[in-house]
Amino acid sequence: MLYDILKTLVIGMLPILEIRGAIPVGIAAGLDPWLSFGAGFVGNMLPVPFLILLTRHIIQWMKKHHILDKFTSFLERKGAEKAETVHKYSFWGLFILVAIPLPGTGAWTGALVASLLDMRLKSALPAIAMGVAVAGLIVMLATFGVISAGSFFG
């Protein structure tokens with residue numbers, strides 16, 4: 001069980017997968033859904049403060065030294081695309097960006113946008129945490145819907 005919790009937590013930490021991938025993996029491994037949610041949530045939130053505080057500085061350093069120029073351009077472009085709504089609605093814009101469990105959204109993208117917009121950690125972190133929680137609940141409900149549909153046809 002500890003292995004499955006750690007696996008769920010680590011998957012939650014990964015960009016792209018985040019809590020959206022962690023919860024179904026945890027449930028499929030036999031974890032209680034709320035334990036899967038908790039491990040996925042903690043895993044998804046662990047890198048966020050570091051991302052908010054360091055991303056902009058790392059990108060600037062990489063650009064200065066021409067390290068992974070295409071990657072830094074990609075990050076800036078992706079952040080700029082998402083930043084318009086967040087800039088307009090601030091806290092709630094960031095919350096909505098993170099809460100929608102679709103590709104290109106989530107805590108990593110939210111932290112990137114918050115960092116590029118120079119948002120303070122004390123306002124960005126709660127918005128991202130609330131968004132991760134809502135995304136996790138949506139994924140958990142969707143996972144149960146798929147399981148229920150499978151048992152209906154099976």
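# Working through a helical model

Arginine 56 is partly exposed, at 24% relative accessibility; that label covers everything between buried (under 20% relative accessible area) and exposed (over 50%), using a 1.4 Å probe and protein chains only. Before we start: the model is predicted, so local features need pLDDT of at least 70 and side-chain atom pairs count only at pLDDT 80 or more, while totals for chains, interfaces and linings use all residues. Residues are numbered from 1 along each chain as its sequence is written, and side-chain values use heavy atoms, with hydrogens and water left out.

## Exercise 1: Charged pairs

Task: find how many salt bridges the whole structure holds, then work out where the partners sit.

Solution.

Step 1. Set the rule: a salt bridge needs a side-chain nitrogen of Lys or Arg within 4 Å of a carboxyl oxygen of Asp or Glu. Side chains of opposite charge can pair when their charged atoms come close. Searching the whole structure turns up three.

Step 2. Pick up arginine 56 again: its side chain pairs with that of aspartate 118, at 2.6 Å from N to O. Arginine 56 belongs to helix 4 and aspartate 118 to the loop between helix 6 and helix 7, so this bridge ties together parts 62 residues apart in sequence. For helices, we take DSSP runs of H or I, at least four residues long (strands would be E, at least two), numbered from the N terminus. Aspartate 118 has another feature to check, a phi near 60°, which is positive in a residue other than glycine.

Step 3. Go to lysine 63, which bridges to glutamate 76 with the closest N and O atoms 3.1 Å apart. This pair also links distant parts of the chain, with lysine 63 in helix 4, glutamate 76 in helix 5, and 13 residues separating them. Lysine 63 is partly exposed at 39%, and glutamate 76 is partly exposed at 27%.

Step 4. Finish with aspartate 4 and lysine 7, whose side chains meet at 3.7 Å, N to O. Both lie in helix 1, three residues apart, or about one turn of the helix. Aspartate 4 is buried at 16% relative accessible area, whereas lysine 7 is partly exposed at 29%.

## Exercise 2: The nonpolar core

Task: say which element gives the largest share of the largest nonpolar core, and follow the contacts of isoleucine 23.

Solution.

Step 1. Define the core as buried Ala, Val, Leu, Ile, Met, Phe, Trp, Tyr and Cys residues joined through side-chain atoms within 4.5 Å. The largest one has 28 residues, and Ile23, Val48, Ile52, Leu94, Ile128 and Val132 have the most contacts inside it.

Step 2. List the contributors: helix 2, helix 3 (33-45), helix 4 (48-64), helix 5 (69-99), helix 6 (107-116) and helix 7 (121-153) each give two or more residues. Helix 7 supplies the largest share, eight residues.

Step 3. Trace isoleucine 23. Skipping neighbours within four places in sequence, its contacts (heavy atoms within 4.5 Å) are Ser36, Phe37, Gly136, Val139, Met140 and Thr143.

Step 4. Look back from methionine 140, a helix 7 residue that is buried at 5% relative accessibility. Not counting residues up to four places away, methionine 140 touches Ile23, Ile27, Pro33, Trp34 and Phe37. Histidine 87 is another story: 53 residues away in sequence from methionine 140, and 29 Å away in space, C-alpha to C-alpha.

## Exercise 3: A loop threonine

Task: is threonine 105 buried or exposed, and what is it in contact with?

Solution.

Step 1. Locate threonine 105 in the loop between helix 5 and helix 6.

Step 2. Read its relative accessible area: it is 9%, so threonine 105 is buried.

Step 3. Collect its contacts beyond four places in sequence: Glu18, Arg20, Leu97 and Ile100. A polar atom of the threonine 105 side chain lies 2.4 Å from the backbone oxygen of isoleucine 100.

Step 4. Check out glutamate 18, a helix 2 residue. Glutamate 18 is buried at 2% relative accessibility, and its phi near 50° is positive in a residue other than glycine.

How values were computed: Polar contact = N/O pair within 3.5 Å; in protein donor to acceptor, adjacent residues only side chain to side chain.
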